[in-house]
Amino acid sequence: TTPAVLDAISRRSGWNQLARNVMALAERGNVHLHLDLIAGLPEETYASFARSFDDVYGLGGHRIQLGFLKLLKGSGLRRRSKELGLVFDPYPPYEIISTASMSAIDLIRLKEIENVLELYHNSHRFSITMELLCRRVYSSPFAFFEGLAGYFRERGLHRVSQSQLTLYNLFYQYL
C-alpha cells in the first residue's frame, strides 16, 4: 500500500477504492477473502511494510497471506535487481534475501511474523481475542504480531511444530 513501492514496481493502485470494495465484500460475509502482502519489494522499509500490514489487516479478510518476493527468471525486477539493490537466492524459488531498504534480518523477522500470523490469525482459533488485542490493546495489529513473533524467537518456539493445546498455552503465557 506504499506509493513509492508501487511506483518502483510499476503498479498503480486506487487504495481507497480497493479498500472500500474489499470491506464491502467482508461485511457481506458470504465471500472468503484471502488478502496477500509481498515482503521484499523495492523501496519498502520495515516501517512501511508494518503500515501496509496494518492497512491490509484492517480490511477484515479471512486470511492474510504474507509472501516473500521471488525474482523469477525473465521478470522485470530480476533484470533490474542490481540497479534496485535486490539480493536474492540464485536457486529456486529465487526468494529475496535483502533489498537496498530492508536488511536480511528485517526479512527474517517478517518470516517469524508470517509464522505466528498463520498460527493465530489464519487459524481462526483466536478470532475474538485477536480482534480485542489488535484493536484495543496494542498500538497496531503489526505491533501485536511482531511482539508475539519475538516471544516465539526468544524461546526457540518458531523452530518446532506446536500442538493446538500448546498454542493456546503459549498464547496465554505471552499475554
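Here's a quick look at the two largest pockets of this predicted model and at one helix pair.

**The pockets**

Start with the largest pocket, which has 28 lining residues; L6, I9, R11, I38 and L41 are the ones nearest its centre. Several elements chip in: α1 (3–8), α2 (15–28), β1 (34–39), α3 (46–57) and α4 (76–79) each give at least two residues to that lining. Strand β1 provides the largest share, with 5 residues.

The second largest pocket is lined by Y57, G60, G61, H62, H121, H124, S127, M130, E131 and R135. Here helix α7 (residues 127–137) makes the largest contribution, 4 residues.

Side by side, the two look like this:

| Pocket | Volume | Nonpolar lining | Polar lining | Charged lining |
|---|---|---|---|---|
| Largest pocket | about 640 Å³ | 16 residues | 7 residues | 5 residues |
| Second largest pocket | about 180 Å³ | 2 residues | 6 residues | 2 residues |

**The α7–α8 pair**

Helix α7 also packs against helix α8 (residues 141–154), at an angle of about 110 degrees and with the axes 7 Å apart. Angles of 65 to 115 degrees count as roughly perpendicular, so that's the label for α7 and α8. Their crossing is right-handed. On the α7 side the contact involves M130, L133, C134 and R135, while α8 brings P141, F144 and F145. By class, that makes 6 nonpolar residues, 1 charged and no polar ones.

Two α7 residues turn up in both places: M130 and R135 line the second largest pocket and also take part in the contact with α8.

Note on methods: Residues numbered from 1 in each chain as written. Predicted model: local features only at pLDDT ≥ 70, side-chain atom pairs only at ≥ 80, totals over all residues. Heavy atoms only, no water. 1 Å grid on protein atoms, 1.4 Å probe; cavity = no way out; pocket = protein on both sides within 12 Å on 5 of 7 lines; lining within 4 Å. Points joined across faces, edges and corners; volume = space filled by probe spheres on them. Nonpolar A, V, L, I, M, F, W, Y, C, P; charged D, E, K, R; others polar. Axes fitted to C-alpha atoms, helices over the stretch in contact; angles between N-to-C directions. Parallel < 35°, antiparallel > 145°, perpendicular 65-115°, else oblique. Left-handed = near helix turned anticlockwise from the far one by under 90°. Contact = heavy atoms within 4.5 Å.
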